[in-house]
Number of protein chains: 2
Amino acid sequence: MQFTSDQRLDDGVRERAFILGEIPGILWTPESAPAPAPAPLILLGHPPLGLRKMYPRLVGRARDAAAEGFATATIELPGSGDRPRWPATEQARADLRRVMEAGEPVTDEIVDALVLPLVDKAVPEWQAALDALLSLPEIGGPVGYSGGVISIGVRLASVEPRVSAAVLFAGSLVPRAVVEEARRLTLPLHVLLQWDDEGNDRQAALDLFDAFGSKEKTLHANMGGHAGVPQFAGDAANQFFARHLK
Amino acid sequence: MQFTSDQRLDDGVRERAFILGEIPGILWTPESAPAPAPAPLILLGHPPLGLRKMYPRLVGRARDAAAEGFATATIELPGSGDRPRWPATEQARADLRRVMEAGEPVTDEIVDALVLPLVDKAVPEWQAALDALLSLPEIGGPVGYSGGVISIGVRLASVEPRVSAAVLFAGSLVPRAVVEEARRLTLPLHVLLQWDDEGNDRQAALDLFDAFGSKEKTLHANMGGHAGVPQFAGDAANQFFARHLK
């Protein structure tokens, strides 16, 4: 992991861009404490729209988390942002758009083709990022995962014992294999659902919540569309992490 | 309203029992502030099991609310606790038990007979309590309502403009007329749902949440049965009131 920039944001949060192999990422650490102990880390998931486009929302989440004493980090997803195009997933996305515009049902095959390659490739990258981040003296355990593509969060939680709590953003385009992994999860989960999410089927999202094996799982449903998560819902997610990562 | 007892609990909360006409009630006020301003008030709803039986849970909620600067108050429901028996609702409860034990469907008629008389009688009593409580110098506005029989909360929110935010405990035995009132509500709502509530149908509870007319409504679903609301869910409800009543 090589840092490529280093700056202080106005509220004292330190922001460093890095490259891990070919993968760009960003690390935010809280600077306010007088003699900072290693901070718990939250991995910030995001949809595959590119880090540059997602930056304003990500830095907002990073600032809120830093105010609670958490370090946060994120990496670019395969095929997004400045990373090389990935024809297979672009084809799957085009297929999805076509059936949705035609009002046809989204088949399991389309969901599998869209999501499974992304999950299979992204999760080992997040694990490699975790290795590198946890070797920094300013980062300690435990680790949380928050947001983004829910199937990536489920797979990461399922294969990575260092992730001890997760905030997931409810979605409905979840491959059957990932639903089975969801059934076997045991870590505490905090699931955000946007009640009128234009891109997700509400009943499927509720069914997935029901499927999670975790004994502690909480669903926070709020009004509004996909990007309309209210500020107080973000605060509640940070309180969930404060209960489980401190 | 006549006070019949007055004591300080160990954490500085003042607890006063009162009688309002024939109706027993309890008022808790925070005492910690050096020169207390009038406190916002939360009316504590509860199921019709009698105040004596509900006291441990009510005083827990009152202490948590007092720690946030809220006064709380509750009154006995018609037909419960030390108030005179009410044969009509006892008959309706027996009818409900019989069909549930027989595995028969709970008809709209049974729900109406069980809930509507209770709502019609209880809500004006809560309003009378509100009149009396708001006349005390230590109580100010605004007012919240929290928990208990959801149909009482919906009706009270619907007819009582002094109630400006409500925490409701999701239920499924809700008369059709009350669902219509729910559609017309506009105040901020925070709805608690126990995912495996043995006494409520989950889908009906989700449908009722969907029906609420309020633009700000949040559903917090947690694992466990009817009485298993986790402490952190209570904390989140107090934060909802802190956002809306302060």
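Which residues touch the most other members of the largest nonpolar core? In this predicted model, they are A:Ala73, A:Ala166 and A:Ala170, together with B:Ala73, B:Ala166 and B:Ala170, out of a core of 138 residues. The account below begins with the chain as a whole, returns to these alanines and their surroundings, and ends where the two chains meet.

Chain A is built from seven helices and nine strands. Its C-alpha trace extends over about 55 × 40 × 30 Å along the principal axes. The radius of gyration of chain A is 17 Å, which agrees with the value near 18 Å expected for a compact globule of 246 residues. Of these 246 residues, 41% count as buried. Among the contacts in chain A with a separation of 6 or more, 66% join residues that are 24 or more positions apart.

The surroundings of one of the core alanines can be followed in chain B. Leaving out residues up to four places away in sequence, B:Ala73 touches B:Gly25, B:Ile26 and B:Leu27, then B:Leu41, B:Leu43 and B:Leu44, and finally B:Ala129 and B:Leu133. Another of the alanines named above is B:Ala166. Strand β7 of chain B, which covers residues 163-169, is mostly covered, with six of its seven residues buried. The strand β7(B) runs parallel to strand β6 (residues 139-147) of chain B, and four bridges join the two. In this pairing B:Val143 has B:Val163, in β7(B), as its bridge partner.

A contrasting position is found in strand β2 (residues 14-20) of chain B, where B:Ile19 lies. Is B:Ile19 buried or partly exposed? A residue counts as buried if 20 or more other C-beta atoms lie within 10 Å of its own; B:Ile19 has 14 other C-beta atoms within 10 Å and is therefore partly exposed. Apart from neighbours within four places in sequence, B:Ile19 is in contact with B:Gln2, B:Thr4 and B:Pro24. B:Ile19 and B:Glu76 are 57 residues apart in sequence, while their C-alpha atoms are 9.9 Å apart in space.

The remaining topic is the arrangement of the two chains. Two copies of a chain are related by a rotation about an axis and a shift along it. Here a turn of 180° and a shift of 0.0 Å along the axis lay chain A on chain B with an RMSD of 0.0 Å. The two copies are thus related as by a two-fold rotation axis. Among the residues of chain A, A:His220 comes closest to this rotation axis, its C-alpha lying at 2.4 Å.

At the interface, 12 residues of chain A are in contact with 12 residues of chain B. On the side of chain A that touches chain B, β9 (217-222) and α7 (231-245) each supply at least two residues. The largest share, six residues, comes from β9(A). By character, the residues of this side of chain A comprise five nonpolar, three polar and four charged.

How do the strands of the two chains pair at β9, and over how many bridges? The strand β9(A) and strand β9 (residues 217-222) of chain B pair in the antiparallel sense over five bridges. Within β9(B), B:Ala221 stands opposite A:Leu219. Finally, 100% of the interface residues of chain A are also interface residues in chain B, so the copies meet through the same surface.

Notes
Residues are numbered from 1 along each chain as its sequence is written. Chains are lettered from A and ligands numbered from 1 in the order in which they are written. This is a predicted model: local features need pLDDT of at least 70, side-chain atom pairs count only at pLDDT 80 or more; totals for chains, interfaces and linings use all residues. Two residues are in contact if their C-beta atoms, placed from the backbone, lie within 7 Å. Ala, Val, Leu, Ile, Met, Phe, Trp, Tyr, Cys and Pro count as nonpolar, Asp, Glu, Lys and Arg as charged, and the others, Gly among them, as polar. Two strands pair if DSSP finds at least two bridges between them. Copies are superposed by least squares on the C-alpha atoms of residues with pLDDT of at least 70 in both. The radius of gyration is taken over C-alpha atoms; the globule rule is 2.2 Å times the number of residues to the power 0.38. A residue is buried if 20 or more other C-beta atoms lie within 10 Å of its own, exposed if 12 or fewer, and partly exposed in between; C-beta atoms are placed from the backbone. A nonpolar core is a set of buried Ala, Val, Leu, Ile, Met, Phe, Trp, Tyr and Cys residues joined through C-beta atoms within 7 Å.
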